[in-house]
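Work through the exercises below with the model open. Each task is followed by a worked solution.

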Number of protein chains: 2
Amino acid sequence: MSTAPTVYDVAERSGVSIATVSRVYRNPDSVRAQTRERVLAAARDLGYVPSGNARGLASRSTGVLGLCFPDYADPDTDAEDDDAAMLYSDQIIRGMERAARRHGYALLIAASLKGGPESLVAKVAGRVDGFAVMARTVPTEELEGISRRRPVVMLAGPREEGDHLDHLDHIEVANFDGQRELTRHLIEDHGLRRLAFVGSAEESPDVEARFQGFLAACRAADVDAPEEPAVRAAMMTQAEGARAADALCDRADGPPQALVCANDQMAVGALHALERRGLTVPGDVAVTGFDGIPLGRLVRPTLTTVRQPMLRMGEEAVELLVRRLGGTPGSDPVSLMLPVTVARRASCGCGPEEQSAVAIGA
Amino acid sequence: MSTAPTVYDVAERSGVSIATVSRVYRNPDSVRAQTRERVLAAARDLGYVPSGNARGLASRSTGVLGLCFPDYADPDTDAEDDDAAMLYSDQIIRGMERAARRHGYALLIAASLKGGPESLVAKVAGRVDGFAVMARTVPTEELEGISRRRPVVMLAGPREEGDHLDHLDHIEVANFDGQRELTRHLIEDHGLRRLAFVGSAEESPDVEARFQGFLAACRAADVDAPEEPAVRAAMMTQAEGARAADALCDRADGPPQALVCANDQMAVGALHALERRGLTVPGDVAVTGFDGIPLGRLVRPTLTTVRQPMLRMGEEAVELLVRRLGGTPGSDPVSLMLPVTVARRASCGCGPEEQSAVAIGA
DNA sequence: CTGAAAGCGCTAACAA
DNA sequence: TTGTTAGCGCTTTCAG
């Protein structure tokens, strides 16, 4: 693994200038066929691989798009379920990779390491032409500066109005509308009136929007609606979901009729906790989630939830980035709202078969 | 989005030399705190982002690992199932990303575009310190040259003996042992004796190994074992699996007692085809797959299969690469064989609950 | 169609 | 502790 061969080596070996070697790769037709073959042969012999770095430096572009996502690994998910637990990030990655490929880009992905020392974004930002950031992965201020230099699109988490970040492109899903529709379903179609919302302790615009949707539905139906989530889980994991369910059941007034969880992971945890306590779902308590992770269809009862179009989100992110990179420099920030889908399954009382689901919002 | 600021801009603005600016990022402690703050402040004001390209060029390393994978998208999978269809590549990506993060690397992923013009590997290879390649994603010869210049690890697909590639590190799963054990189970535990293996038309060492495992089990039990797979599907998709099942059922001697499919996707397709024909599984025909994709637990009957540890494969790949990069230059090529797990579920006749599964091979 | 030369932005000795 | 000075390997005018 000595020193890697460079254009100079290839040039020398094939008796041309380095400029010609470069042309062979960047614009083959501008070189006489015979010369080209000679160069290619030399390159092959030498095991020559063009340096992406040098290329990028000289041409000021990398051909790579990036994605920064939070460390979503749920430590409580056991190995078995883990196979099935295709999370947010996985689907966004899939969507972005697909779209990126269509446009000739590769995808660089990096998750925020919890106690990470050096800035994650900086590392990614420095190696890509543009990138997407999942909400709350990166300090706002960091993005502030970076976004002045290259296209950035925020994923999930509503546009922060009047904030420094409002010049970023932005994609979100219909959190409010989705949660409102699901809640309406619980109230009107199943006749439930004592609902508890399980939110999260950390600030999350998505969770907040869901809670507001929940509230809206309650108010519209004249159902008692507390100003605050019944529980704010420390983390949105299965363990915390179970804990929340337990806490709610231990209250003086007994368990609520429905546990409306801010995400699927917590809902699954709640399902387990309820089962352990001998409560049946949806008989004694209905449970709902939000996200639409595959695990939701594996648990029994199957989980009623609001499905997010994560794959599409990834694709749209790339489209946005590509558009920005393609020119139209000063245009206004774009903000997309993607529709969600309410998946009525067993845990709300809709029976084992998944009901046909409807697109909501956007 | 004018011209991005460089070390020179930051240096000037903070009244130091570019070397100091560089130090602030690479080795903060080697700069007086006061100076450091001044530099950082200037950088912040300017929206400075270190160029990964320039860095890589100068330091001869990128801090990025890569993965090339085939375009596995199954066009037959409908959008609904797609959510659940976490494929090979997704899990390997997850595993690699995790491990890479632990070692401070980011991950660059790129799928082979079908009619892709320019060489995929070259693009990836030029931007990373080392990378993994899923079998049959890349022309052998290409890798030949590249692997002389940087660490490459092959995923799946057995080491090609006596081939040019036998100096590459290599990770595979116990295809042979897994398929043999599953087949033994069908024969001995369920008493089936007329088994048909559904393979693939394209050359695949993995599929071949599985078929050999199948044969071995048949012979060991004195079961009639044809030298060739009963069917060789054009692609390993659901549609082709269904077609294979139909073809087999239309034979003069009627359907076999068991359809042993070379992967889960085909097995799921077979399940559908059988159902359409009014045959019950496992009553009339048993069906098995290979891979352990989540979809296998969603279909009814649940799919008996051999589970591959793809996540671990990704992690091991990174470990191997990191080791190579860490020195030990001339050491011999490593070849890992990862154990698989036979998941006995409903489609072989084991009942709805998944039986405890055992690790096989390696 | 091909060559010469000037950088791209940063790191890494080596000095100071 | 900080500055100076070479490149790293490639793209890209501008000539020829």
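**Exercise 1. Judge how far chain A can be trusted.**

Step 1. Chain A has an average pLDDT of 88, and 89% of its residues score at least 70; pLDDT is the predictor's confidence in each residue, from 0 to 100.
Step 2. Residues 78-84 of chain A fall below 50, with 18 contacts beyond near neighbours in sequence (contact: heavy atoms within 4.5 Å).
Step 3. Where pLDDT is low, predicted coordinates should not be read in detail.
Step 4. This is a predicted model, in which local features need pLDDT of at least 70 and side-chain atom pairs count only at pLDDT 80 or more, while totals for chains, interfaces and linings use all residues. Residues are numbered from 1 along each chain as its sequence is written, chains are lettered from A and ligands numbered from 1 in the order written, and side-chain values use heavy atoms, without hydrogens and water.

**Exercise 2. Describe the protein surface near DNA strand C.**

Step 1. DNA strand C is surrounded by 28 residues, the closest being A:Arg23, A:Thr35, B:Val7, B:Ser22 and B:Tyr48 (near: a heavy atom within 4 Å).
Step 2. Sugar or phosphate accounts for 66% of the strand C atoms within 4 Å of the protein, and bases for the rest.

**Exercise 3. Find polar pairs that involve bases of DNA strand C.**

Step 1. Look for N or O atoms within 3.5 Å of each other.
Step 2. An N or O atom in the side chain of A:Arg23 lies 2.5 Å from a base oxygen.
Step 3. A polar backbone atom of A:Ala58 is 3.3 Å from a base oxygen.
Step 4. In chain B, a side-chain N or O atom of B:Tyr8 is 3.3 Å from a base nitrogen.

How values were computed. Polar contact = N/O pair within 3.5 Å; in protein donor to acceptor, adjacent residues only side chain to side chain.
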